[in-house]
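Good morning, colleagues. Please take a moment to look at the sequence and the model before I begin.

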Amino acid sequence: MSEDEELPDLGGGATPNSNSTVVSIGGGDQNYVSPGPDQVLENVLENVLCFLTSRRDRNAASLVCKSWYRAEALTRSELFIGNCYSVSPRRVTNRFRLIKAIAIKGKPRFSDFSLLPPDWGAHFAPWLRAMAISYRALEKLYLKRMCVRDEDLAIAAHSFPILKELVLVCCEGFGTDGLAIVARECRQIRVLELMDSVIRDNEVDWISCFPEDVTCLESLIFDCVEAPINFEVLERLVARSPSLKKLMLNSYISITQLYRLMIRAPQLTHLGTGSFSPLEIVAQGEHEPDYFSAFAACKSLICLSGFKEIIPEYLSAIYPVCGNLTSLNLSYANISAEQLKPVIRQCHKLQTFWALDSVSDEGLQAVSAACKDLRELRVFPVEALEDAEGPVSEVGLLAISEGCRKLQSILYFCHRMTNAAVVAMSKNCPDLVVFRLCIMGRHMPDHVTGEPMDEGFGAIVKNCKKLTRLAVSGLLTDRVFNYIGQYGKLLRTLSVAFAGNTDLGLKYLLEGCPKLQKLEIRDSPFGDSALFAGLHHYYNMRFLWLSACKVTRQGCKEVARQLPGLVVEVIAWNEEENGTSEDVDTLYLYRSLDGPRADAPRLMVRPSLIMLGKALFNYRAGFPLAALKISPSSCGFHALAVEPSPAA
């Protein structure tokens with residue numbers, strides 16, 4: 001939504017305004033109120049705004065004037081909140097009255113790596129209380145990295161009687177009790193997707209709570225539910241769901257059970273296979289089901305994932321659908337290049353491919369030869385070890401760039417890289433929008449020349465004119481930040497680890513990237529001077545995250561003083577230094593229309609400083625931001641809040 005202050009509702013009321021004309025009709029007492037030119041213009045505007053679907057276009061339209069602001073709010077049916085603390089729920093519901101679909105993001109993504117206190121916040125309950133009153137006609141609810149309780153799911157099920165889609169991504173706090181309520185009460189549910197969420201096993205048979213008659217389910221994803229499933233009930237549910245297109249199973253579903261589900265749902269377009277191994281031993285003399293024929297019967301299958309406990313010998317079963325696949329996710333399948341090749345050679349339509357680095361450079365060369373239409377590639381490490389000799393390198397990256405020239409997005413974990421390979425990718429794949437290269441290990445140079453990786457990443461921002469997201473790693477100097485500031489004019493998200501020489505590097509970024517929205521930096525030598533370089537831009541950003549840099553508590557206070565519309569939160573990892581050390585371990589800065597949040601853990605107020613909790617984390621150093629593995633112990637947190645200066 002736009003960052004305007006809330007405007008009064010100027011459009012309500014039945015009294016004619018000063019621009020209206022009252023006309024008598026037929027000589028009787030009935031009067032017709034002729035709308036004035038302003039009202040006519042607003043009516044026309046509302047009809048035009050209905051055709052604006054991009055939220056950025058709508059945000060821009062709402063900034064034109066008060067009339068446009070009001071008309072945009074009255075015609076918006078879908079809402080995206082990128083940070084649940086950027087605006088209060090009440091402000092949202094007061095402005096937008098006709099919302100049918102809402103997406104809310106909570107914690108920053110660093111929570112995925114335990115870089116936030118366990119009780120940090122991002123509770124869905126305050127939003128639910130406001131929405132339950134104002135959005136009774138809500139049809140779609142998407143939550144990411146939110147704390148959702150079973151009680152919240154129960155209230156949502158009763159408050160939104162026509163809820164059709166519920167998607168929970170990386171959420172926590174609920175269990176199978178809550179899922180049972182959703183399945184039982186949401187009679188019109190079409191989409192129930194649970195992805196990468198932490199779900200308690202309350203030993204409740206939630207699958208059996210779906211209606212016994214024909215359901216309208218179109219998508220059912222529960223691959224993150226680490227609990228056994230009543231398979232017989234699931235099988236009957238699939239059989240009575242003729243519209244089911246997406247089904248993604250957890251690791252408790254064996255390949256034999258998968259076979260039984262597939263023959264009852266040949267209409268599937270997206271399938272998560274579950275374990276893809278027989279959980280039970282086949283008795284001697286018995287024949288296993290014909291898995292090959294089950295896949296052959298699924299003529300519409302275009303997206304395949306799962307393979308959580310794969311036995312590679314069963315991979316041949318998917319051969320019949322390979323030629324039709326546009327997406328293949330093998331990021332749980334620890335398979336070799338030799339096991340991958342017979343599959344990937346048949347995937348000529350593939351546009352999205354995820355895999356583990358166990359496929360090696362040789363496997364990526366096979367991908368390059370077969371998948372000429374590839375748009376997205378992700379290669380994850382089997383073991384995220386800093387000092388390991390990884391199986392993928394610049395050889396695989398170079399092969400992909402030469403064979404997959406339509407590539408638009410890449411996430412690539414490796415242990416060694418060269419500038420030459422990255423430069424080649426920038427030239428061969430100029431349509432790249434996302435480039436994330438994670439060289440595991442601190443300050444790793446070009447392993448052939450020993451030079452910093454500046455020229456490689458510099459070539460990416462120079463030659464890839466559409467680039468909006470970039471993650472850099474390896475040995476990097478201030479020069480690479482100069483390149484990014486000079487050429488990264490469309491860059492919106494930037495991740496930096498173990499990079500830079502001086503404050504000048506961060507200044508290049510903050511002064512040169514006008515569209516930068518999300519900036520995350522760890523273990524880099526940037527201090528207060530660099531932090532102050534972004535004062536002109538922080539109001540336009542969604543957040544800034546600095547971890548293990550050189551900013552001070554006084555510097556954070558100064559930012560909070562000069563920019564009262566920002567919330568500056570400081571996380572202290574060392575319990576002994578909590579509240580006493582001038583150095584800041586972690587800074588999380590974000591814009592908010594409503595000031596510091598009220599649900600911070602264990603609140604204690606001091607002059608100009610809100611202190612919350614205690615913290616201590618032990619972690620294995622040396623990983624890029626996206627690869628960090630951490631064991632949480634306890635946690636500490638501060639939010640800086642100062643009175644605005646007279647000038648503000």
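I shall go from the chain as a whole to its helices, then to its aromatic rings, and finally to two residues in loops.

Please bear in mind that this is a predicted model. The protein chain has 648 residues, and 55% of them are buried. Its secondary structure comes to 20 helices and 27 strands. As for contacts, if we take those between residues at least 6 apart in sequence, 70% join residues at least 24 apart.

Let me turn to the helices, beginning with helix 14, which covers residues 394-403. Seven of its ten residues are buried, so helix 14 is largely enclosed by the rest of the structure. Which residues of helix 14 are the buried ones? They are Glu394, Gly396, Leu397, Ala399, Ile400, Ser401 and Gly403. The cover over these buried residues includes two helices, helix 13 at 360-370 and helix 15 at 419-428. It also includes two strands, strand 16 at 376-380 and strand 17 at 409-414.

Both of those covering helices have a helix partner of their own. Helix 13 packs with helix 12, residues 337-344, at an angle of about 10°, the axes being 9 Å apart. An angle under 35 degrees counts as roughly parallel, and therefore helix 12 is roughly parallel to helix 13. On the side of helix 12, the residues that meet helix 13 are Ala337, Glu338, Leu340, Lys341 and Ile344. Opposite them, helix 13 contributes Ser360, Glu362, Gly363, Ala366, Val367 and Ala370. Sorted by class, this contact of helix 12 with helix 13 has six nonpolar, two polar and three charged residues.

Helix 12 also has buried residues, namely Ala337, Leu340, Lys341, Val343 and Ile344. Helix 13 is among the elements that cover them, together with helix 11 (319-322), strand 14 (327-330) and strand 15 (352-356).

The second partnership is that of helix 15 with helix 16. Here the angle is about 5°, and the axes lie 7 Å apart. Helix 15 is therefore roughly parallel to helix 16. From helix 15, the contact takes in Asn419, Val422, Val423, Ser426 and Lys427. From helix 16, it takes in Asp454, Glu455, Gly456, Phe457, Ala459, Ile460 and Asn463. In the contact of helix 15 with helix 16, five residues are nonpolar, four are polar and three are charged.

I now come to the aromatic rings. How many aromatic pairs does the structure hold? There are 16. One of these is formed by phenylalanine 435 and phenylalanine 457, an edge-to-face pair with 6.1 Å from centre to centre and 70° between the planes. This pair links distant parts of the chain, 22 residues apart: phenylalanine 435 lies in strand 18 (residues 434-439) and phenylalanine 457 in helix 16 (residues 454-463). Are these two residues buried or exposed? Phenylalanine 435 has 1% relative accessibility and so counts as buried. Phenylalanine 457, at 0%, counts as buried too.

A second pair is that of phenylalanine 481 and phenylalanine 526. Their ring centres are 5.7 Å apart and their planes are at 80°, so this pair is edge-to-face. It likewise links distant parts of the chain, 45 residues apart. Phenylalanine 481 belongs to helix 17 (residues 478-487), while phenylalanine 526 sits in the loop between strand 21 (518-522) and helix 19 (528-532). Both phenylalanine 481 and phenylalanine 526 are buried.

Ring pairs also build a cluster, which links Tyr85, Phe110, Trp120, Phe543, Trp545, Tyr588 and Tyr590.

Rings may also lie beneath a charge. The charged end of lysine 308 sits over the ring of tyrosine 332, at 4.9 Å from its centre. In the same manner, lysine 462 has its charged end over the ring of tyrosine 483, at 4.6 Å from the centre.

My final point concerns the backbone. Most residues other than glycine have a negative phi. Arginine 145, which is not a glycine, has a positive phi of about 55°. Arginine 145 is in the loop between strand 5 (140-144) and helix 6 (150-159), and because its relative accessibility is 13%, it counts as buried. Phenylalanine 307 also has a positive phi, near 55°. Phenylalanine 307 is placed in the loop between strand 13 (303-305) and helix 11, and at 0% relative accessibility it counts as buried.

Thank you for your attention.

Conventions
Residues numbered from 1 in each chain as written. Predicted model: local features only at pLDDT ≥ 70, side-chain atom pairs only at ≥ 80, totals over all residues. Heavy atoms only, no water. Buried < 20%, exposed > 50% of the residue type's maximum accessible area, 1.4 Å probe, protein only. Helix = DSSP H or I, 4+ residues; strand = E, 2+ residues; numbered from the N terminus. Contact = heavy atoms within 4.5 Å. Phe/Tyr/Trp six-rings, centres within 6.5 Å; stacked < 30°, edge-to-face > 60°. Lys NZ or Arg CZ within 6 Å of the ring centre and 35° of its normal. Axes fitted to C-alpha atoms, helices over the stretch in contact; angles between N-to-C directions. Parallel < 35°, antiparallel > 145°, perpendicular 65-115°, else oblique. Nonpolar A, V, L, I, M, F, W, Y, C, P; charged D, E, K, R; others polar.
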